[in-house]
Amino acid sequence: VKRPRFLKRLLRSLTHKRAVLLTGSRRVGKTTLLYQVIAELLSRKIDPHCIFYALMDHPQLQSASILDLVTKFRAHFDLKRRTKIYLFLDEIQYSPNWEQEVKALLDVENVKIFLSGSASSQLILKSHYLTGRLEKIDIFPLDFREFLFFKKVKIQETEHYRFGHYLDEFLKTGGYPEYVLKKDISYFTDLINGILFKDIVDFYKLKNPQALMDLVLL
C-alpha cells in the first residue's frame, strides 16, 4: 500500500543530487518506500542495471566498503563513470563509515543515493558530515487518515458519526502499517526485540540487556 505523503516527497527528490536519508522506527515502512521508488524508476524506463539495492545489516555487508560495492557494481555491469546509477542502502547505520563514503560518492560519482536507518540518534549524530548534501525525511507510523486508507474505509461527509468507531480502533491498534493490515500479535514481539537488541543492546554494546528488558516490562 502506498503512502503518498512520503512517496511524493521521495520522488521529488529525484530532481536534486543530494542524498536522501529516511529515518524512523523499525517496521514503519522505510524499506517499502525504497522499493516503491525503485518501482517508479523502472516504470520510467530506467535501466535496471543502473539500480543497486543493498541491505547493509546483512552479515556479509556489515564491514563492506560502500565505495568498493559501487565499484564492483559498475564493473559487473560494465557501467562507465558518467552513467548515472541509483543507490538504495537500507539499514545504513551498520556501515561504519557510511557518512564519509556517501560524501565521497556525491563528490566524485554520477549517482543518486537513498539511505534508510532505524537507529535515528546515531544517524543524526553522523549526518553533520553531509551538511548541505543530505535531505532527511522522518517516516512516522500511520496517521488517522492513512489508517482509514489502509483499512479501505471511506466515510462520507454525512456519515461523520462513523469516525468514533474507527478512532477507537486506531487508538487501540496503533499506526504500524503491517500490523494494521494483518493484525498478527507476534508482529510486536518481533518489533520490540528488533528495537531492543539491534538498535540498543548491540549498537551501544550494553553489558546488562536484562536490565533494559526489565525496564520495558515496567
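1. Let me start with Glu146, which counts as buried at 10% relative accessibility. The cut-off for buried is under 20% relative accessible area, so Glu146 falls inside that class. Please keep in mind that this is a predicted model, and the values in this note should be read in that light.

2. What does the side chain of Glu146 meet in a salt bridge at 2.9 Å? The partner is Arg3, with the distance taken from N to O. The two belong to distant parts of the chain: Arg3 sits in the segment before helix H1 (4-12), while Glu146 is in helix H6 (residues 144-150), and 143 residues separate them. Arg3 is buried as well, with a relative accessible area of 4%.

3. Glu146 also forms a salt bridge with Arg5, where the closest N and O atoms are 3.1 Å apart. Because Arg5 lies in helix H1 and Glu146 in helix H6, this pair ties together parts that are 141 residues apart in sequence. Arg5 has a relative accessibility of 40% and counts as partly exposed.

4. Stepping back from the single pairs, Arg3, Arg5, Asp143 and Glu146 are linked in a network of salt bridges. The structure holds 15 salt bridges, so there is plenty to look through if you enjoy charged pairs.

5. Another pair you may like to display is Lys183 with Glu169, a salt bridge whose closest N and O atoms are 3.5 Å apart. Lys183 lies in the loop between helix H8 (177-182) and helix H9 (186-204), and Glu169 in helix H7 (residues 163-173), so the pair ties together parts that are 14 residues apart in sequence. Lys183 is partly exposed, with a relative accessible area of 39%, whereas Glu169 counts as buried at 17% relative accessibility.

6. Now to the strands. Is strand E4 (residues 111-117) mostly covered or mostly open? It is mostly covered, with seven of its seven residues buried. Val111, Ile113, Leu115 and Gly117 point one way from E4, and Lys112, Phe114 and Ser116 point the other way. You will notice that Lys112 and Ser116 are among these buried residues.

7. Which strands does E4 pair with? Strand E1 (residues 19-23) pairs with E4 in the parallel sense over four bridges, and the bridge partner of Leu21 in E4 is Leu115. Strand E3 (residues 85-90) also pairs with E4 in the parallel sense, over five bridges. There, Tyr86 stands opposite Lys112 in E4. Between E3 and E4 the chain crosses through helix H4 (residues 98-108), and this β-α-β crossover is right-handed.

8. Finally, helix H2 (residues 30-43). At 1.5 Å a residue, its 14 residues should span 20 Å, and the end C-alpha atoms are 20 Å apart, which agrees. The expected span is 1.5 Å times one less than the number of residues, in case you want to repeat the check. The buried residues of H2 are Lys30, Leu33, Leu34, Gln36, Val37, Ile38 and Leu41. They pack against H1, E1, strand E2 (51-55), E3 and E4, which brings us back to the strands of the previous point. H2 is followed by Lys45, whose phi is positive, near 70°.

How values were computed: Residues numbered from 1 in each chain as written. Predicted model: local features only at pLDDT ≥ 70, side-chain atom pairs only at ≥ 80, totals over all residues. Heavy atoms only, no water. Buried < 20%, exposed > 50% of the residue type's maximum accessible area, 1.4 Å probe, protein only. Pairing = 2+ DSSP bridges. Right-handed = clockwise from strand over helix to strand, strands pointing away. Salt bridge = Lys/Arg side-chain N within 4 Å of Asp/Glu carboxyl O. Contact = heavy atoms within 4.5 Å.
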